[in-house]
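Open the structure in your viewer and keep the selection box at hand. The tour goes stop by stop.

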Amino acid sequence: MLEVSGITQIFGGVTALDSVSFAISAGDITGVIGPNGAGKTTLFNIITGIYRQTAGTVHLEGKNVTGLPPEKLARLAMVRTFQNIELFGGMTVLENVMVGMHTKSSAGLLACAFKMPWSISEERRIREGAMKWLEFTGIVDLADHVAGSLPFGKGRLLEIARALAVEPRIILMDEPAAGLNSQETVGLAQLIKQIRDTGITVVLVEHDMELVMDICDRIIVLNLGTKLAEGTPREIQESSAVIAAYLGDDD
Amino acid sequence: MQFDQILQYTLSGLSTGAIYALIGIGFSIIYNATGIINFAQGEFVMLGGLLTLSCLELLALPLWAAVPCAIAVSTVVGILFERLAIRPLKQPTPINLVIITIGGSILIRGLAMLVWGKDTHAIPAFSGDVPISVGGATILPQHLWILAITLVTICINKIYFYHTISGKAMRACSYNRRAAGLVGIDVRRMVLFSFIISSAMGAVAGIIVAPLTMTAYDVGVMLGLKGFCAAIIGGMSSGLSTVIGGLLLGVLESLGAGLISSGYKDAIAFIILLLILFIRPQGLFGKADSERV
C-alpha cells in the first residue's frame, strides 16, 4: 500500500531522519510511535508532501509519489489530519466536509463556475454525501455550526470526516488523540477501527500507548531519526530495545 | 440646506458607491485567495471602459455585444497577469507581490496610453440620457443600470461562493490554505480563479461607469484607490460589508463634494481610508476576525 525507503531528512546540520524504510500493508492500522523528537511528525510531513526530503522515496500503491504536493496526493487517495486541527474556521461543519468532497465532484471546477443550475443540483448530491460522513463520525447534529466555534474534540472528528470525504484509500493521522479526554479517546479508538473496517488503511502517530496497543495491527518505533523496531503490539511491548529507548538504558 | 439637494447628492453618491463596491469586491476576492492587495485592480476598470469603446467604434459592434466582448478581453488580461506576473514568482512574499502588482498596473496603464492615447473618451449611455425625476431629484437611466448591474453581479458572486462547490473551495482556501491543499484543492488554480473573477468584475465596473464619467487610460488609478478604500471599510470581505463600504464612501464623497466643496471630493475618500486604518483596521463592521471570502 505505502512503501517508504531510505527516507533521510537533514535540517541545517541536524539529521531528523536517517534512512528510514518500511512498508505498510493495505487494510492495517499501523502506529508510528517513539519518544519526542524521534522524527515521527517529520516523517508524516514528508510522506504527505509537505516537506521535501533530503533523500529517499515514497511509493503509494506501487506508484512513485515522492515529492508530490498534498493536493495531488489527495487525488491519489491519500489524506492526513493534523495534530493541531486545521479547519476552515468560518465555514459551517457541513461546508467543511463538502469542500472535502470537491475532488469527487463530477462537474469540474470550470463547469461549476459556468453551469450554475446544473452544479447546484450537483451541490445537493454533495451535501447529502457530506451528511453521510458527519453521521459516520457522529457529529451530524453539529452540521450547521460554524467550524471555528467547535470544541476541540468535535473539531478533530470534523477533520476526520472531512478527510474521509475525499474518499481516501489511506489516511494518516498525526496524534489523533492529542487534546482529547479519556471518553473522547475511547470513541476515537472505535471510530478508527470503523474506518479500517470500511477498507481504508490507517497510519497514525500517537503518544497514547494504551490507544496504540489497543487498536494497531502493526507498530513502527522510531528513535532519534532511525527505525528502532517494527512488529505487532505484543512484539513491541516485549522488545528490549524499545523499552530501553523509552525508559533509558540500565547501563 | 434643501432636502432636494441632499436627495440628489445621495442618489448620485449611491451609484458611484456601487462602482466602488464592485471594484472593492475585486480587491477582496484576490486578497482572500492569495493575501495580495492587487494594485492593478483599477487597470481592469480602465480596460473595461476603453475596450468597450474599441468594440463599439473599431469593430462597430452593438452595445449588447461590445460589453461581453470587453469583459472577456479584460478577463484574458487578468489571466495573463496571473500567469506571467504572479505565478512564476519564486518567493511569493506579500511585499514582492504587492510591488509586482504596482509594476503590472504601470505597465498596463502605459500600454493603454499607447493604444488609446491620452484623450478622454465617451461611451454612449446604455439607454438614453433622458433624466428621470425622483422626488425632486433627477437621475439618469445609467444610474439605474449601475445599481441594477451591481446588484446582479453581487448576487451571482454570493451564489458562486456559497452554493457551488468551486466557490466553497475558494472560501476554504481563504480560511486555511494548507488544509485546502490537503483535501485536494489545487490552491494555485484557485488563485487563477480569483484573478478571473476580479478582473471581470473590475471590467464590469469600468463599463457601466464610463457613460457617466467618461474614460481614459488613467482612470484606473483613482477608481482603484476608491475601490480599495471601500474594501478597507468593509474589512476586506467580499460580501455585504464591502458593498456597504462602497455605498457609504460614494454617498459621503458626493455629499461632501456638494455641501462643502467639490475640490475635497477625493480628499474625503482618503480621510475615511486613513481613519479606518487608524481606528478600525479590521473594517467598519468587522469583528477582529471578520468573515472573508
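How close do the axes of helix 5 and helix 6 of chain B come, and at what angle do they cross? Select residues 141–163 for helix 5 of chain B and residues 165–175 for helix 6 of chain B. The axes come within 5 Å and cross at roughly 80 degrees.

Some ground rules before going on. This is a predicted model: local features need pLDDT of at least 70 and side-chain atom pairs pLDDT 80 or more, while totals for chains, interfaces and linings use all residues. Residues are numbered from 1 along each chain as its sequence is written, and chains are lettered from A and ligands numbered from 1 in the order in which they are written. Helices (H or I, at least four residues) and strands (E, at least two) are DSSP runs, numbered from the N terminus. Axes are lines fitted to C-alpha atoms, for helices over the stretch in contact; angles run from 0 to 180 degrees between N-to-C directions.

**Stop 1: helix 5 and helix 6, chain B**

The crossing makes helix 5 of chain B roughly perpendicular to helix 6 of chain B (65 to 115 degrees; under 35 is roughly parallel, over 145 roughly antiparallel, the rest oblique). Show Tyr160(B), Phe161(B) and Tyr162(B) of helix 5; they meet Gly167(B), Met170(B) and Arg171(B) of helix 6. Contact here means C-beta atoms, placed from the backbone, within 7 Å. By class, this contact has 4 nonpolar, 1 polar and 1 charged residues. Ala, Val, Leu, Ile, Met, Phe, Trp, Tyr, Cys and Pro count as nonpolar, Asp, Glu, Lys and Arg as charged, and the others, Gly among them, as polar.

**Stop 2: helix 8, chain B**

Keep helix 5 and add residues 187–213, helix 8 of chain B. These axes come within 9 Å and cross at roughly 170 degrees. That makes the two helices roughly antiparallel. Among the contact residues are Trp145(B) and Ile149(B) of helix 5, and Val204(B) and Ile208(B) of helix 8. The contact has 9 nonpolar, 2 polar and no charged residues.

Now take helix 8 of chain B alone. 19 of its 27 residues are buried, so helix 8 is largely enclosed by the rest of the structure. Buried means 20 or more other C-beta atoms within 10 Å of a residue's own, with C-beta atoms placed from the backbone. Just after helix 8 comes Met214(B), with a positive phi near 65 degrees.

**Stop 3: the sheet, chain A**

Switch to chain A. 6 strands form an open sheet in the order 6-7-8-3-9-10, with mixed pairing. Strands pair if DSSP finds at least two bridges between them. Strand 6 (78–81) and strand 10 (226–231) are the edges. The twist averages 15 degrees from one strand to the next. Helix 7 (residues 182–197) packs on the sheet, touching strand 3, strand 7 and strand 8 of chain A.

Select strand 3 (residues 29–33) and strand 9 (residues 218–223): they pair in the parallel sense over 4 bridges. Val32(A) has Ile220(A) as its bridge partner.

At strand 6, Met78(A) and Arg80(A) point one way, Val79(A) and Thr81(A) the other; all are buried. Strand 6 and strand 7 run parallel, joined by 4 bridges. Arg80(A) has Leu172(A) as its bridge partner.

**Stop 4: where the chains meet**

Show both chains. The contact takes 31 residues from chain A and 24 residues from chain B. On chain A, helix 5 supplies the largest share, 6 residues. The chain A side divides into 16 nonpolar, 7 polar and 8 charged.

Methods
Contact = placed C-beta atoms within 7 Å. Buried ≥ 20, exposed ≤ 12 C-beta atoms within 10 Å, placed from the backbone.
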